[in-house]
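Here is a protein model to read with its definitions in hand. The turns that follow ask what earns each label.

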Amino acid sequence: MHQLGSCTLPNAVEQMWEESLLNKAALERLYVRSEVARRVRGGEAKTKAIKQLADELNCSYEKVRYAVYKKD
């Protein structure tokens, strides 16, 4: 476990979240990108991975696709 001063990494992230220091939209995009990439590495077609993740997250295909391809 990483230590940040006297704080563990999960505690530091939780504290930053509570203080609104983290960008929720950016974190969502990071999660979506990493999950789609994981599925593609596992052999799934990218469009199928996007569709299935959109269904699992109960959001539109377009929202997931945008998160995958948006440049930060």
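Buried means under 20% relative accessible area, exposed means over 50%, and partly exposed lies in between, with a 1.4 Å probe and protein chains only. This is a predicted model, in which local features need pLDDT of at least 70 and side-chain atom pairs count only at pLDDT 80 or more, while totals for chains, interfaces and linings use all residues. Residues are numbered from 1 along each chain as its sequence is written, and side-chain values use heavy atoms, with hydrogens and water left out.

Q: Why is Glu35 called buried?
A: Its relative accessibility is 11%, and the label needs a value under 20%, so Glu35 counts as buried.

Q: What makes Arg38 and Glu35 a salt bridge?
A: The term requires a side-chain nitrogen of Lys or Arg within 4 Å of a carboxyl oxygen of Asp or Glu. The N to O distance between Arg38 and Glu35 is 2.5 Å, so the pair qualifies.

Q: How do you know which label, buried or exposed, fits Glu56 and which fits Arg39?
A: Glu56 has 53% relative accessibility and therefore counts as exposed, whereas Arg39, at 10%, counts as buried. Their side chains meet in a salt bridge at 2.6 Å, N to O. Glu56 lies in helix α3 (residues 46-57) and Arg39 in helix α2, so the pair ties together parts that are 17 residues apart in sequence; helices here are DSSP runs (H or I, at least four residues), numbered from the N terminus.

Q: Which residues are linked in a network of salt bridges?
A: The network links Glu35, Arg38, Arg39 and Glu56.

Conventions. Helix = DSSP H or I, 4+ residues; strand = E, 2+ residues; numbered from the N terminus.
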